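Student: I'm new to this structure and would like a close look at just one part of it. Could you pick a place where two pieces of the chain meet and walk me through it?

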Amino acid sequence: MENVGNKLKKHFPNMIFDEPLGKYSTFQIGGPADFFYKLKNKNELPAIIRFCRTNNIHYFIFGSGSNILFDDRGFRGMVIKIETKEIKVIGTTIVADSGVPVSTLLNESLKHSLTGLERWIGLPGTVGGAVRGNAGCNGLETKDVLLKATIIDTETGRIKEAGSLYFNFSYRDCKLKKTGEIVLDATFKLQKSSKSPADQKKIMQGLNRRRLQKQPFGLTTGSFFKNPSPDKPAGMLIDQAGLKGKTIGKAQISAKHGNFFLNIGGASSKDIIGLAQLARRKVKAKFGIELEEEVQIVGKNKLIKLAKDNAP
Ligand SMILES: Cc1cc2nc3c(=O)[nH]c(=O)nc-3n(C[C@H](O)[C@H](O)[C@H](O)COP(=O)(O)OP(=O)(O)OC[C@H]3O[C@@H](n4cnc5c(N)ncnc54)[C@H](O)[C@@H]3O)c2cc1C
């Protein structure tokens, strides 16, 4: 019988084997994926998923890796990086492939004198990642600007268009986290701007400056935990639990922002998870509050929840 590797080479000639994942995550942590595919054309995705399902291959898709912790041991299966890049403006809407970086989306809106996305200045990631996590900053979340998206049901392979309400958005959450559906493209509803692009840029630069003042630089995925409530941000709780600046191995809780975990050079996923467990334990003991991670922890063949699985 033909082995899976040969079949993959035959059906998907650009498949990469034993690809280290660290270089694809902003943490720069992660061992090799057995199979790795850079998806340039969204029409290929149904066939890839069908292949994985038929051959019992675990798969994981991602965008720019700014909200992911890959395991040191890598991934036993296929990791698919979405690099689809089509973007078009239709009237006051922008339709963008899920692989389009949020920064490109913003630039495109300015180029066409559209307003509505400016507050996303400095938000890392792709359109697909933003939809799944209802990402946002400066008071603007994906749910506020998403009109609809094209998604694929990974069980049936069916592709459908879903309006914003379908996603059941809430703080850093959406229905796709349960269903596993994948975003192929998304349509954002904007308005015509009365300001010049230069004035729009000035506002954005101001917002970005303020944002950067609060955040540390370095290898990080931004906020590690969700904020339990607006008046109890995770960073403040971790700070008051005495953990700012705490290190385990080569991982550190930033001394500037308690919810930013940093790889200070050669950290392992174990180091980061050790810190996260410590923060959860200390915050629970001091405040009786269970922190829930915002970062997606990718175990050796599936997503892991710290609270549920306790450790990968
Ligand atoms: C310095 C820094 C600051 C940050 N600040 C913020 C902030 O202010 N607000 C905020 O919300 N986030 C913030 N983040 C986190 C991150 O930028 C967002 O979560 C972003 O939306 C992730 O996008 P991504 O493409 O990198 O997703 P990835 O990290 O690649 O993936 C994240 C999750 O989304 C899933 N996913 C990716 N693409 C798709 C798709 N097409 N369909 C379905 N699921 C998909 C993946 O499977 C994974 O589970 C920050 C990160 C960094 C590094």
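Tutor: Sure, let's look at where domain 2 and domain 3 meet, keeping in mind that this is a predicted model. Taken over C-alpha atoms, the centres of these two domains are 27 Å apart. To find them along the chain, look at 87–198 for domain 2 and 216–309 for domain 3; there's also a domain 1, covering 4–82.

Now zoom in on the place where they touch. Five residues of domain 2 make contact with five residues of domain 3. Together the two domains bury about 440 Å² between them, and 39% of that is on carbon and sulfur atoms. On the domain 2 side, three residues stand out: Arg132, Tyr171 and Arg172 supply 83% of the area that this domain buries against domain 3, more than any other three residues do.

Arg172 is worth a second look, since this residue also forms a salt bridge with Glu294. In that pair, the closest N and O atoms are 3.7 Å apart, which is inside the 4 Å cut-off for calling something a salt bridge. Across the whole interface of domain 2 and domain 3, one salt bridge is found. If you sort the domain 2 side of the interface by class, you get four charged residues, one nonpolar and no polar ones. As for polar contacts, the count between the two domains is two residue pairs, with both residues at pLDDT 80 or more.

Methods: Residues numbered from 1 in each chain as written. Predicted model: local features only at pLDDT ≥ 70, side-chain atom pairs only at ≥ 80, totals over all residues. Heavy atoms only, no water. Domains from an automatic or database assignment. Contact = heavy atoms within 4.5 Å. Buried area = accessible area lost by both parts, 1.4 Å probe. Salt bridge = Lys/Arg side-chain N within 4 Å of Asp/Glu carboxyl O. Polar contact = N/O pair within 3.5 Å; in protein donor to acceptor, adjacent residues only side chain to side chain. Nonpolar A, V, L, I, M, F, W, Y, C, P; charged D, E, K, R; others polar.
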